[in-house]
Amino acid sequence: MTKKLSELSWPELPAGNRIRYIWQEWLQDHFEDYQGGYLLTLDSLTQCLSLPDQGFEYEIRLGKSLKHCVEADPEQLPFMTDSLQSVAISHALEYTANPSVLLGEIHRSLAPQGYLYALIYAPDNPWYWQGKLRLAPKRRNLPVHRLTLSRYTDWFNLLGFKVLEVETIGCPWWRGFKNFQRKSEMNRAWLSAPIAYMVKLQKKVSTMTPIRPLEEKMSVAMAGNLANISTKQLEE
């Protein structure tokens, strides 16, 4: 049974806590240069991260929250087309029932030249098999989908995204599988076991879509006040 994206927890995932802090640092580095616009986070993993308070005008959270909350199905996002500047997802593609549908909704909601930041597992990392074979001290919530990076890249291209950056989180086995690092910061990186990928993507601009500069102030993503909006309120 697929677990809801709003119910995921870092300690329950294979090597979750070790991946979390590298991913958080990577996002912080990328979000520092933003000025205005809307950031959407639609899973509990991303919403647990410590992200910069400044940069975006609003962080819109899918799920129950005290600030800028929107209760909705991630596969039916209640946002206007071309309205969001950025979306960040942590393992959402592996744990949602229909990852291609989720990607399609994110693409529709993103503004032209908008960015998607995605964290995805390497399919055959040692921690997955440790959980699969029940060798871990605690039971792990294993991914529903296990796809290679090349397969994800094919999906991204097909659904209208351009891959701008891929950073691998690796584990140097010669250190006893205890430390995780970005491969770009690791000596003998080619010998390390890939654990996860941090991917930055940009929405392609079609010939039928007018280009709007990202520095231009974005139009509102939803009608009315962004804070504490539910799907019921939208229907009214």
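Six salt bridges are present in this predicted model. Side chains of opposite charge can pair when their charged atoms come close. One of these contacts joins Asp82 to Lys203, with 2.7 Å between N and O. The two partners come from distant parts of the chain, 121 residues apart: Asp82 sits in the loop between strand 3 (69–71) and strand 4, while Lys203 belongs to strand 8 (residues 193–203). Asp82 and Lys203 are both buried, so the charged pair falls under the 20% limit of relative accessible area that sets buried residues apart.

A second pair is formed within a helix. Arg108 and Glu105 meet through their side chains in a salt bridge of 3.1 Å, N to O. Both residues lie in helix 4 (residues 99–109), and because they are 3 residues apart there, about one helical turn separates them. Their surroundings can be told apart by accessibility: Arg108 has 24% relative accessibility and therefore counts as partly exposed, whereas Glu105, with a relative accessible area of 15%, is buried.

Glu59 and Arg61 make a further salt bridge, in which the closest N and O atoms are 3.4 Å apart. Glu59 is partly exposed, at 21% relative accessibility, and Arg61, at 23%, is also classed as partly exposed. Beyond these pairs, a network of salt bridges links Glu25, Asp29 and Arg182.

Glu59 also leads into the strand pairing, since this residue stands opposite Leu39 where strand 2 is matched with its neighbour. Strand 2 (residues 58–62) pairs with strand 1 in the parallel sense, over 4 bridges. Strand 2 is likewise parallel to strand 3, and 2 bridges connect them. In that pairing, Leu62 is placed opposite Val70 of strand 3.

On to the other partner of strand 1. Strand 1 (residues 38–41) and strand 4 are paired in the parallel sense by 3 bridges, and Thr41 has Ala88 of strand 4 as its bridge partner. Strand 4 in turn runs parallel to strand 5 (residues 110–121), with 6 bridges between the two. Here Leu84 is matched with Leu110, its bridge partner in strand 5. How many residues of strand 4 are buried? For strand 4 (residues 84–90) the count is 7 of the 7, which means that this strand is largely enclosed by the rest of the structure.

Internal space was examined next. Rolling a probe the size of a water molecule over the atoms shows where empty space is left. With a threshold of 30 Å³ or more, the count comes to 1 cavity, and the largest cavity holds about 70 Å³ of space. Which residues line the largest cavity? The lining consists of Pro14, Glu94, Tyr121, Ala122, Pro123, Asn125, Tyr128, Pro143, His145, Arg146, Leu147 and Tyr152. By character, this lining divides into 8 nonpolar, 2 polar and 2 charged residues.

Tyr152, one of the lining residues, offers a convenient view of the surroundings. Tyr152 is located in helix 6 (residues 149–158). With a relative accessible area of 1%, Tyr152 is buried. Apart from its neighbours within four places in sequence, Tyr152 is in contact with Leu93, Glu94, Ile120 and Leu147. Among these contacts, Glu94 and Leu147 also appear in the lining of the largest cavity. Ile120 is 32 residues away from Tyr152 along the chain, and 9.2 Å separates the C-alpha atoms of the two.

The overall composition provides the setting for these details. The protein contains 7 helices and 9 strands. Of its 236 residues, 50% are buried. Contacts between distant parts of the sequence are a marked feature: among contacts with a separation of 6 or more, 72% are between residues 24 or more positions apart. The link between Asp82 and Lys203, 121 residues apart, is an example of a pair that joins distant parts of the chain.

Terms used: Residues numbered from 1 in each chain as written. Predicted model: local features only at pLDDT ≥ 70, side-chain atom pairs only at ≥ 80, totals over all residues. Heavy atoms only, no water. Buried < 20%, exposed > 50% of the residue type's maximum accessible area, 1.4 Å probe, protein only. Pairing = 2+ DSSP bridges. 1 Å grid on protein atoms, 1.4 Å probe; cavity = no way out; pocket = protein on both sides within 12 Å on 5 of 7 lines; lining within 4 Å. Points joined across faces, edges and corners; volume = space filled by probe spheres on them. Nonpolar A, V, L, I, M, F, W, Y, C, P; charged D, E, K, R; others polar. Salt bridge = Lys/Arg side-chain N within 4 Å of Asp/Glu carboxyl O. Contact = heavy atoms within 4.5 Å.
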